[in-house]
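Reader: I am new to this structure and would like a close look at a single part of it. Could you take me through the place where the two chains meet, and then through one residue there?

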Amino acid sequence: MYSYLVLRVVAKLLMPFIMLFGLYVQFHGDFGPGGGFQAGVIFAAGFILYALIFGLQNASRVLPRGILRFGIALGVLLYAGVGVYNLLVGGKYLDYNVMAQNAVHGQHLGILLVELGVGITVTSVMVMVFFTFARHRQTKGDDQDGGSRPL
Amino acid sequence: MSITVCAILRIRNLYAVVMLGSIFSVMAAAIFVILDAVDVAFTEAAVGAGISTVLALGTIALTTDREKKPSHTKILPLIMVCLTGVALIYGTLDLAHYGDPNAPVQTHVGPDYLRDAPVKTGIPNVVTSILASYRGYDTLGEVVVIFTAGIGVILLLGNWRHIGRRREDKDV
């Protein structure tokens with residue numbers, strides 16, 4: 001893939017816009033269409049594009065597997081943690097009203113955090129699934145070649 | 001859309017099938033936009049046409065790109081599909097007409113959500129407030145489903161063997 005100059009330049013140009021659009025969808029989901037799930041998928045699409053054009057090793061350097069594994073759990077924990085926090089400050093589970101001075105602020109903060117959790121988990125899972133597929137293929141190819149190139 | 005489905009049924013080259021599936025998703029997203037369900041359209045376009053196409057291509061790269069000829073007879077599956085289709089079409093007869101103001105979906109909790117959600121949550125997009133606040137448990141469940149799927153793929157395809165081998169190398 002390294003030789004396709006046009007693809008590399010276009011991908012490099014597109015990457016910041018994909019990330020920016022992902023952030024917009026993530027945090028503008030309160031006002032327009034979008035939300036954590038869609039934003040997560042857009043982020044993941046950006047990283048997968050990067051991995052396709054620049055190779056798996058470079059992409060793994062940008063997003064190491066440890067961070068992805070951490071992110072998969074972090075998103076769910078953030079979502080569930082918001083619920084537990086609500087319990088601790090005297091509300092019901094996932095009842096965001098008690099999170100701030102008044103109910104509307106609480107709802108806003110709660111929904112923002114929850115959507116962030118969804119986004120983190122979705123991004124990490126999608127990228128992780130793609131990386132795992134691609135790496136599995138590499139190792140399979142290595143085994144067939146008879147050598148074991150370190151990844 | 002039906003042309004795409006027929007083509008998917010006929011073609012045995014799985015690359016073409018994946019691409020046609022992607023096209024089908026885009027058309028489904030267009031239908032959702034026409035029905036004013038922009039959030040759903042967004043998800044369909046991003047997930048159906050984008051990510052799942054890439055993941056399906058990754059799967060093909062791992063396995064094979066030719067669909068095998070079915071070894072058993074096609075009659076029984078055909079009967080099953082026809083029966084299910086007839087049952088589903090029969091079910092749609094009881095559905096309210098599109099845009100009917102007296103339909104249960106317009107008279108039950110829908111108006112309450114539309115009236116209260118922007119005031120109570122301070123968020124103009126009712127879909128977001130329902131998904132994240134009113135139906136917070138459901139969305140938490142969805143996130144856990146995605147989490148489980150990710151863990152499953154890592155457990156199945158993550159190269160534990162490779163890591164184990166590397167550890168053995170280190171020990172030696």
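Author: What follows goes from the interface to the core and then to a single threonine. This is a predicted model, in which local features need pLDDT of at least 70 and side-chain atom pairs count only at pLDDT 80 or more, while totals for chains, interfaces and linings use all residues. Residues are numbered from 1 along each chain as its sequence is written, chains are lettered from A and ligands numbered from 1 in the order in which they are written, and side-chain values use heavy atoms, with hydrogens and water left out.

Contact here means heavy atoms within 4.5 Å, and by that rule 49 residues of chain A are in contact with 43 residues of chain B. The area buried between the two chains, that is, the accessible area (1.4 Å probe) lost on putting them together, summed over both, is about 4,100 Å², and carbon and sulfur atoms give 73% of it. Gln38(A), Tyr79(A) and Phe133(A) supply 14% of what chain A buries against chain B, more than any other three residues. For salt bridges (a side-chain nitrogen of Lys or Arg within 4 Å of a carboxyl oxygen of Asp or Glu), the rule finds 0 across this interface.

Helices are DSSP runs of H or I, at least four residues long, numbered from the N terminus. On the side of chain A that touches chain B, H5(A) gives the most, with 22 residues.

The largest nonpolar core (buried Ala, Val, Leu, Ile, Met, Phe, Trp, Tyr and Cys residues joined through side-chain atoms within 4.5 Å) has 42 residues, of which Tyr79(A), Tyr96(A), Val127(A), Phe131(A) and Ile51(B) touch the most other members. Its largest share, 12 residues, again comes from H5(A). Not counting residues up to four places away in sequence, Phe131(A) touches Ala51(A), Leu56(A), Ala59(A), Ser60(A), Leu63(A) and Leu68(A).

The single residue to look at is Thr121(A), found in helix H5 of chain A. Thr121(A) is buried, with a relative accessible area of 0%, where buried means under 20%, exposed over 50% and partly exposed in between (1.4 Å probe, protein chains only). Its side chain reaches the backbone oxygen of Ile72(A) at 3.3 Å and the backbone nitrogen of Val76(A) at 3.1 Å. Leaving aside neighbours within four places in sequence, Thr121(A) is in contact with Gly71(A), Ile72(A), Gly75(A) and Val76(A), as well as with Val143(B), Ile146(B) and Phe147(B).

Conventions:
Helices (H or I, at least four residues) and strands (E, at least two) are DSSP runs, numbered from the N terminus. A polar contact is a pair of N or O atoms within 3.5 Å; within protein, one must be able to donate a hydrogen and the other to accept it, and residues adjacent in sequence count only if both atoms are side-chain atoms.
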